[in-house]
Amino acid sequence: MCENKTYPRNWWLAFGVICFLTLATRFYKVQEPAHVCWDETHFGKMGSWYINRTFFFDVHPPLGKMLIGLAGYVTGYDGTFPFDKPGDKYYNTSYIGMRVFCTAVGATIVPMSFLIVDEMTHSVTAALFSSLLILLDVGLITLTQYILLDPLLLCFLMGSILGAIKVSSDSTREFSFRWYSWLIFTGLMLSCCISVKFVGLFAVMLVGLITISDLWRILGDLTRPVTVTLKHLIARAICLIIWPILLYVTFFYIHLAVLNRSGNGDGFYSSAFQSQLIGNSLHNASMPHLVAYGAVVTLKNHRTGGGYLHSHYHLYPDGIGAKQQQITTYTHKDDNNKWIIYKYNTNDVKGVTIVRSGDLVRFVHLPTKRNLHSHKEQAPITKKHFQVTGYGENGTGDANDIWRVSIIGGTDGSEVTTVSSKIRLIHYLQSCALTSTGKQLPKWGYEQQEVSCNPNLRDANAIWNVEENFFQKLPNVSFKVYAPSFIERFLESHAVMFQGNAGLKPKEGEVTSRPWQWPINYRGQFFSGSAYRIYLLGNPVIWWGNLVFLIVFVIVFITRSIKQQRGYVKTLTGTKFILACYVFNPCFCIVEAPNRHLEACAWMFLAWSLHYVPFWAMGRVLYFHHYFPALLFNSMLTGILFDYLLDVIPCLFPEKIGTTIYHTMMGLFLAILMYSFVNFAPLAYGMTGPSSSERNSTMSGLKWLDSWEF
């Protein structure tokens, strides 16, 4: 067991230079442009909602938005700026605090990359190269200087890996205070990482693999009892599993406690969930417990994220079934969600008659007076289902307007209750169930969700509940009786987020991309338009160089593995072997001895794969910025492997020539990095004048690919 390692003067010099350059490159022009950029509309608005305690729906966990809101609050932002669209002027809005916070957090990834590589390789040169590749990538500068979640995600990701490497390092004495501190820090970073975006799960997987490898190594040390491995297992289970889970749940508790006011995302959640939001029509509401004929009701689909049964003064277009009134589900509260429930054969309401399971009913849309109707025409998108329309005049239609109410878990004659009754609506003639498919209609349907009638009566999405119930002849009861517990709200929040993530589709005019485009830097994305342009694009020299070094690593790793299997690589370790190496051939140790650099590269290759390959299997909409976590590991791999080659290649030549080659390779590496950074820096710091497609543009010579649009 080793004591804490000490750092020589050149280590502190290199680390100090990296920190200084990080501050200089990250905070240069952090206030520019003074208008809303790209997704600042999204996350800036959410920060405002936290300040105003307004509930909203988002597909990401809450920690990142909470921290942005907190940063705005403590720096004087009052939460009133609308963040409507990119290009809106900030004017006197206190936006700098949120930008500086995100930039400061994002800046930490550079020194952390230095520490990670140094710990894995014990090479200041490898650490310097790796951190420079991350420091001088203009894409990372762009992504980490605005009000976005990415700076926080990348920071917590790097913190997780740094902590895991420190815990497993020989330089950290196990079970010491420092060791436990790093272990607790790793758990904190893991929890924060996955609490910002669910892709943080890849970091959890990577740290899990590092931990398993470390435990396996300890178990294989026959000089130590098995109880030591057991102690490690218990300590890591507590700090890397239980501790992060507790933090994760705590973040959600704070999220749900702060956002206690009704907002435009209420409709994605169940009626019981909404009853806890101040200002929601269900909060402290008093409505009849039973549903009677003649009541005005809203019907909410019971599926996770399900909307309200909705109609409006628009018809299905030609070629889409019958040209009758559209029926959809809509996730926001609206008067067009209101329906009157009548007996199937009359509109007359006499006294109070409760709706019961097994009853035949009609639903009349309150604003348009058309009946909920279905017939044997194909649904707009789900062709195996029947079309559902609004039909008739002032409640007068035909037999295709009749539905049978069926309470799930109830018997015929059971009373239908507000919120708590789960009901199916079975079409009387077609014997199909009214359902929400969750599929988004085209523009003619205002991108609301499709409603159809499914011949499969067991469709899990064909379950509804009465949410709002207006009927003056029945006594009201408080909605407090439907209040869910925190655990119920916690679980529902996750179900809604998972469904929202899986169903993300590109918006009109939105720039999306596919995973094959990312490593080759095929296409960037405008962060800011108008006269002052910001364009998200990686430094092409770094990105394309990274691909080359990925291929070189695979070749070197396979070659070395074959040589080791054939017995050409000595497996002896220890002082005697290392001494023998330097006596007979100083380069032999570097080329043939078990090498920290290649082991570190192998871990970086695994980390890159974990953060890149899974996106190929995702069906949701993807964006260029999804590649940047993988880019960090690719850049560190490049820095480590280049340092390895700097040691290996000069040894193939006589000493004087080898020294010249060493310094030439290093000089070219640094010169090319700096030259490419200076040339492409305007993409991150702002461009003015003509675009690169025009000959008189100062950027025209840098448009190396036609797909680049700056």
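A residue is called buried under 20% relative accessible area, exposed over 50%, and partly exposed in between. The model in the viewer is predicted.

**Stop 1: Glu447**

Select Glu447, in the loop between strand 11 (433–440) and strand 12 (449–454). Glu447 counts as partly exposed because its relative accessibility is 45%. Check its backbone as well: phi is near 55°, a positive value in a residue other than glycine. Most residues other than glycine have a negative phi, and most peptide bonds are trans.

**Stop 2: Tyr91 and Pro33**

Go next to Tyr91, in the loop between helix 3 (63–74) and helix 4 (96–107). Tyr91 is not a glycine, yet it has a positive phi of about 50°. Its relative accessibility is 70%, so Tyr91 counts as exposed.

Then select Glu32 and Pro33 and show the backbone. The peptide bond from Glu32 to Pro33 is cis, with omega near -10°. Pro33 belongs to the loop between helix 1 (9–26) and helix 2 (40–52).

**Stop 3: the whole chain**

Zoom out and colour by secondary structure. The protein chain has 19 helices and 16 strands. Its C-alpha atoms fill a box of roughly 105 × 70 × 50 Å along the principal axes. Of the 710 residues, 55% are buried. The accessible surface comes to about 31,000 Å², and carbon and sulfur atoms account for 62% of it. Among contacts between residues at least 6 apart in sequence, 74% join residues at least 24 apart.

**Stop 4: the nonpolar cores**

In soluble globular proteins, nonpolar side chains tend to be buried together. To see this here, select Ile109, Phe114, Ile116, Phe156, Phe633, Leu641 and Phe710, which touch the most other members of the largest nonpolar core, a set of 142 residues. Helix 18 (residues 628–648) gives the most to this core, with 14 residues.

Centre the view on Ile116. Which residues does Ile116 touch, not counting residues up to four places away in sequence? They are Met158, Ile161, Leu162, Ile165, Met604 and Met636.

Now move to Tyr316, Ile354, Val466 and Leu474. A second, separate core of 33 residues includes these four.

**Stop 5: the largest cavity and His611**

Rolling a probe the size of a water molecule over the atoms shows where empty space is left. In this model the count comes to six cavities of 30 Å³ or more. The largest cavity holds about 100 Å³ of space. To find it, select Leu153, Val199, His611, His626 and Pro629, the closest to its centre of the 13 residues that line it. The lining of the largest cavity has seven nonpolar, four polar and two charged residues. Helix 8 (residues 150–168) gives the most to this lining, with three residues.

Keep His611 selected. Where is His611 found? It is in the loop between helix 17 (596–610) and helix 18. Is His611 buried or exposed? Its relative accessibility is 4%, so His611 counts as buried. Leaving aside neighbours within four places in sequence, His611 is in contact with Leu157, Phe202, Ala203, Leu206, His626, Pro629, Ala630 and Phe633. Two residues in that contact list have come up before: His626 and Pro629 are among those closest to the centre of the largest cavity. Phe633 is one of the residues that touch the most other members of the largest nonpolar core.

**Stop 6: the second largest cavity**

Select Asp58, His60, His255, Tyr269 and Met497. Of the 13 residues that line the second largest cavity, these are the closest to its centre. The volume of this cavity is about 80 Å³. Its lining divides into eight nonpolar, three polar and two charged residues. Helix 11 (226–258) and helix 13 (486–502) each supply at least two residues of that lining.

**Stop 7: Trp544**

Finish at Trp544, in helix 14 (residues 540–565). At 29% relative accessibility, Trp544 counts as partly exposed because the value falls between the cut-offs of 20% and 50%. Show residues in contact with Trp544, leaving aside neighbours within four places in sequence: these are Pro519, Ile520, Asn521, Trp704, Leu705 and Trp708. For Asn521, draw a distance between C-alpha atoms. Asn521 and Trp544 are 23 residues apart along the chain, and their C-alpha atoms are separated by 7.9 Å.

How values were computed: Residues are numbered from 1 along each chain as its sequence is written. Side-chain values use heavy atoms; hydrogens and water are left out. A nonpolar core is a set of buried Ala, Val, Leu, Ile, Met, Phe, Trp, Tyr and Cys residues joined through side-chain atoms within 4.5 Å. Buried means under 20% relative accessible area, exposed over 50%, partly exposed in between (1.4 Å probe, protein chains only). Helices (H or I, at least four residues) and strands (E, at least two) are DSSP runs, numbered from the N terminus. Contact means heavy atoms within 4.5 Å. On a 1 Å grid over the protein atoms alone, a cavity is a set of points where a 1.4 Å probe fits but cannot get out, and a pocket is an open set with protein on both sides within 12 Å along at least five of seven lines; lining residues have an atom within 4 Å of a point. Grid points are joined across faces, edges and corners, and a volume is the space filled by probe spheres set on the points. Ala, Val, Leu, Ile, Met, Phe, Trp, Tyr, Cys and Pro count as nonpolar, Asp, Glu, Lys and Arg as charged, and the others, Gly among them, as polar. Accessible areas come from the Shrake-Rupley method with a 1.4 Å probe; for residues, only the protein chains shown count as cover.
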